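Student: Please take one part of this chain and go through it closely, in connected prose rather than as a list. Start from one side of that part and work outward.

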Amino acid sequence: MTYQVLNKHKVFDGWLQQCSHQANTVNCTMRFSIFLPSSASQTNKVPVLYWLSGLTCTDENFMQKAGALKMAEQLGMAIVAPDTSPRGDNVPDDENAAYDFGLGAGFYVNATQAPWQQHYQMYDYIRHELPTLVEQHFPVTQQRAISGHSMGGHGALVLGLRNPEFYASISAFSPICHPIDCPWGQKALSQYLGEDKNMWAPFDASELAKQATKSQPILVHQGSDDQFLTTELKPQALIEAAKSNNLPLTFNMVAGYDHSYYFISSFIEQHLVFHHQLLLNNK
């Protein structure tokens, strides 16, 4: 596996790099950003948090807007932020260029339906190909955590719940908790996976939470004034599923916050500390 550094910036004594590589799982060139704290070296590898962004985002949004890098430097934690979908001239998009499907909206699933299945294998890309590349080329350990926002919160919950031995901890901001039962999820899952809803359940955090036999600690923050709260996010489904199965979910509904990066930046340091403590315990 090889990669190319597109640009590099020193920040809080660490380094933020934007990279690209030819990704076999999604059959296109993919981009990701990685922050490495100043303590990271081949003789001092650091744990890594994978961040999954939401609809319309790229690898850049979190690194530029979340205000996470100062705390990541202090904790000695790497952060990897991939793009949210395959990209390129040959990658199919929604015929109307809708923001909630196609480019920018990969939903972190493995598509089974034409024409999406050739490229939209984002679950496998995040779970297998990207961490293999990162661990091969950068000074990080195999101590991994996963987090995300909105569609990326959905992805973080799904990947985390399906891989409790791979990720030490899970967190999410404003996640799509029950995509089987919301317009965003129904649109994406029906086109990527077909009309059989039995095929949707492995990509629905609330359904996974009902069946999980083991789970890492999960932290979720949700704003009470989020414009998508009742129609798209439906956190109560996740809360009830976790409670029914005794999963270690900490859910924080915080008054007045919306769906924006202003919300994420207000609580991101709590999430980084949460992951750091669990990564240390997972050595």
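Tutor: Start with helix α8, where K243 and S244 are exposed on one side. The model is a predicted one, and what follows is read from its coordinates. Helix α8 covers residues 235-244, and its buried residues are P235, L238, A241 and A242. Viewed down the axis of α8, these buried residues fall within an arc of 125°, so they line one face of the helix. K243 and S244 are on the other side.

What does the buried face of α8 pack against? Its partners are the helices α4 (151-162), α6 (205-211) and α7 (229-233), together with the strands β8 (218-223) and β9 (249-254).

Both ends of α8 have a backbone feature to look at. Ahead of the helix, K234 sits in the loop between α7 and α8. Phi of K234 is near 50°, which is positive in a residue that is not glycine. K234 has a relative accessible area of 24%, so this residue counts as partly exposed: the value is above the 20% limit for buried and below the 50% limit for exposed. Just after α8, N246 also has a positive phi, of about 55°. As background, most residues other than glycine have a negative phi.

A further positive phi takes us to another region of the chain. T56 is not a glycine, yet its phi is about 75°. T56 belongs to the loop between β4 and α1. T56 also takes part in the largest pocket, being among the residues nearest the pocket centre along with L55, C57, H149 and H259. The lining of this pocket has 14 residues, and the volume is about 190 Å³. By residue class, the lining divides into six nonpolar, seven polar and one charged.

The loop that holds T56 also holds D59, between β4 (46-52) and α1 (60-65). D59 has 0% relative accessibility and therefore counts as buried. Which side chains make polar contacts with the side chain of D59? One is R31, at 2.8 Å, and another is S33, at 2.7 Å. Apart from neighbours within four places in sequence, D59 is in contact with Q18, R31, F32, S33, A81, P82 and D83.

D83 leads on to R87, since the side chains of R87 and D83 make a polar contact of 2.8 Å. R87 is placed in the loop between β5 and α3, and with a relative accessible area of 27% it is partly exposed. The side chain of R87 also reaches back to the pocket residue C57, whose backbone oxygen is 3.1 Å away. Leaving out residues up to four places away in sequence, R87 touches C28, T29, M30, C57, T58, L103 and G104. R87 and N27 are 60 residues apart along the chain, and their C-alpha atoms are separated by 9.4 Å.

The loop between β5 and α3 has other residues to note. G106 is found there and is buried, at a relative accessible area of 0%. Beyond four places in sequence, G106 is in contact with T84, S85, Y120, M122, M151 and Y192. G106 and G194 are 88 residues apart in sequence, and their C-alpha atoms are 15 Å apart in space. P115 also lies in this loop, between β5 (78-82) and α3 (122-137). The peptide bond joining A114 and P115 is cis, with omega about 0°. Most peptide bonds, by contrast, are trans.

One strand residue completes the tour. S147 is part of strand β6, residues 140-148. Is S147 buried or exposed? It is buried, with a relative accessible area of 1%. Its contacts beyond four places in sequence are L49, Y50, W51, L52, G152, A156, S171, A172, H271 and H275.

To return to the helix: P235, L238, A241 and A242 of α8 are buried, and K243 and S244, on the other side, are exposed. Positive phi values occur at K234, in the loop between α7 and α8, and at N246, just after α8.

Technical notes: Residues are numbered from 1 along each chain as its sequence is written. This is a predicted model: local features need pLDDT of at least 70, side-chain atom pairs count only at pLDDT 80 or more; totals for chains, interfaces and linings use all residues. Side-chain values use heavy atoms; hydrogens and water are left out. Helices (H or I, at least four residues) and strands (E, at least two) are DSSP runs, numbered from the N terminus. Buried means under 20% relative accessible area, exposed over 50%, partly exposed in between (1.4 Å probe, protein chains only). A polar contact is a pair of N or O atoms within 3.5 Å; within protein, one must be able to donate a hydrogen and the other to accept it, and residues adjacent in sequence count only if both atoms are side-chain atoms. Contact means heavy atoms within 4.5 Å. The arc is that of the directions from the helix axis to the C-beta atoms. On a 1 Å grid over the protein atoms alone, a cavity is a set of points where a 1.4 Å probe fits but cannot get out, and a pocket is an open set with protein on both sides within 12 Å along at least five of seven lines; lining residues have an atom within 4 Å of a point. Grid points are joined across faces, edges and corners, and a volume is the space filled by probe spheres set on the points. Ala, Val, Leu, Ile, Met, Phe, Trp, Tyr, Cys and Pro count as nonpolar, Asp, Glu, Lys and Arg as charged, and the others, Gly among them, as polar.
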